[in-house]
Amino acid sequence: MRRLWIGLTYAVFALLIVVPLVKIATGSLEDGVSGLLDALLRPEALHALMMTGIIVVFVTLINTVFGVMLAIYLVRAAWLHPRIKGLLNSIVDLPYAVSPVIGGLMIVLLVGPDTALGALLEGAGIKIVYALPGMVIATLFVTFPLMVREVMPVLQEIGSQQEEAATMLGAYSWYTFWKVTWPSIRWGVIYGVVLTVARTLGEFGAVLVVSGNIMNLTQTATTLVYQDVENFNVLAANGVALVLAAFSVGLLLLMEWAKKRKEVH
């Protein structure tokens, strides 16, 4: 019975992950390497990949800074009332419970061009929805829990004794963070960064709602894949999807390698 369950587990894994990846790879190479290059070097593909890269950079930087700060506050801040901490914990997990499409819709309803706030911002020359800022905000909504949930368990495990000792010896808060806290949480931060990048690369629903999917303006790699499939350009869709899948898988393999390095040291 045990072997049967193990075999079924491997079969499900292959069916849900391995087979689709192989199909994407073979589909992108139906016309050979030249066909794959043609799909990737289209102006719309280059722009979509560039937009995806820009969003990855912004989202990763913001998530890292504010995710680490929030994790420290939720674990270390004695001045926060337990009920407030519980509320903040619930809000952090909100993107897990809400569809990304709903998250994107909330942004449109808050700062869309038909809202008072959106009109005020556009009057000041700041466009949120159907522009890069809205796409970044939508992706932040989806990915924000990743960094917090990677760092919080590490902070809880190491305790606060060393930080309190450094403070009692007269160390400033920033010095205590860089010399005491950071060495203990850096691997958690690295894992959070990897997961954030991988999730950002694959985000579709929220970005589709707030971007409008305008070619050569607000189109990301995932929304371009969606458009290619809608237009029955499956070869081109497979090519872009292969790049995204290869990058994400490479990041996750790098994370596993880093975990093994950490265990060795």
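**Notebook: rings, pockets and a cavity**

I started at Tyr-191, which is buried, with a relative accessible area of 9%. That is under the 20% limit, so the label "buried" follows. A reminder to myself before going on: this is a predicted model.

**Entry 1: the ring partner of Tyr-191**

I looked up what sits beside Tyr-191 and found Trp-187, with the two rings forming an aromatic pair. Their centres are 6.3 Å apart and their planes stand at 40°, which makes the pair tilted. Both residues belong to helix α10, residues 173–202. They are 4 residues apart, about one turn of the helix. I then checked Trp-187 for exposure: its relative accessibility is 21%, so Trp-187 counts as partly exposed, whereas Tyr-191 is buried.

**Entry 2: a pair across the chain**

Next I turned to Phe-204 and Tyr-226, whose ring centres lie 5.3 Å apart with the planes at 55°, so this pair is tilted. It links distant parts of the chain, the two residues being 22 apart. Phe-204 sits in the loop between α10 and α11 (205–211), while Tyr-226 is in helix α12 (residues 221–230). Buried or exposed, I wondered, or something in between, for Phe-204? Phe-204 is partly exposed at 28% relative accessible area, and Tyr-226 is partly exposed too, at 36%.

**Entry 3: the ring cluster**

How many aromatic pairs does the structure hold? I noted 6 of them. Ring pairs also join Trp-174, Phe-177, Trp-178 and Trp-182 into a cluster. I kept Phe-177 in mind for the next entry.

**Entry 4: the largest pocket**

I moved on to empty space. The largest pocket has a volume of about 750 Å³. It is lined by 25 residues, and those closest to its centre are Ile-72, Tyr-73, Ser-173, Phe-177 and Thr-181. So here was Phe-177 again, a member of the ring cluster and one of the residues closest to the pocket centre. The elements that give two or more residues to this lining are α3 (43–76), α9 (161–168) and α10. Helix α3 supplies the largest share, 8 residues. Sorting the lining by class, I get 16 nonpolar, 6 polar and 3 charged residues.

**Entry 5: the second largest pocket**

This one comes to about 210 Å³. Which residues line the second largest pocket? I listed Leu-70, Leu-88, Ile-91, Val-92, Leu-94, Pro-95, Ile-137, Leu-140, Phe-141, Phe-144 and Pro-145. Two or more of the lining residues come from each of α4 (82–92), α5 (94–97) and α8 (132–158). The largest share, 5 residues, is from α8. By class I find 11 nonpolar, no polar and no charged residues in this lining.

**Entry 6: the cavity**

Last, I looked for closed space. The count comes to 1 cavity of 30 Å³ or more. The largest cavity has a volume of about 60 Å³. Around it I found Thr-52, Ile-55, Thr-139, Thr-200, Leu-201, Glu-203, Val-207, Thr-220 and Thr-222. Helices α3 and α10 are the elements that give two or more residues to this lining. What classes make up the lining of the largest cavity? My tally reads 3 nonpolar, 5 polar and 1 charged.

**Margin note on α10**

Helix α10 kept turning up in my entries. It holds the Trp-187 and Tyr-191 pair, gives two or more residues to the lining of the largest pocket, and does likewise for the largest cavity.

Notes:
Residues numbered from 1 in each chain as written. Predicted model: local features only at pLDDT ≥ 70, side-chain atom pairs only at ≥ 80, totals over all residues. Heavy atoms only, no water. Phe/Tyr/Trp six-rings, centres within 6.5 Å; stacked < 30°, edge-to-face > 60°. Buried < 20%, exposed > 50% of the residue type's maximum accessible area, 1.4 Å probe, protein only. 1 Å grid on protein atoms, 1.4 Å probe; cavity = no way out; pocket = protein on both sides within 12 Å on 5 of 7 lines; lining within 4 Å. Points joined across faces, edges and corners; volume = space filled by probe spheres on them. Nonpolar A, V, L, I, M, F, W, Y, C, P; charged D, E, K, R; others polar.
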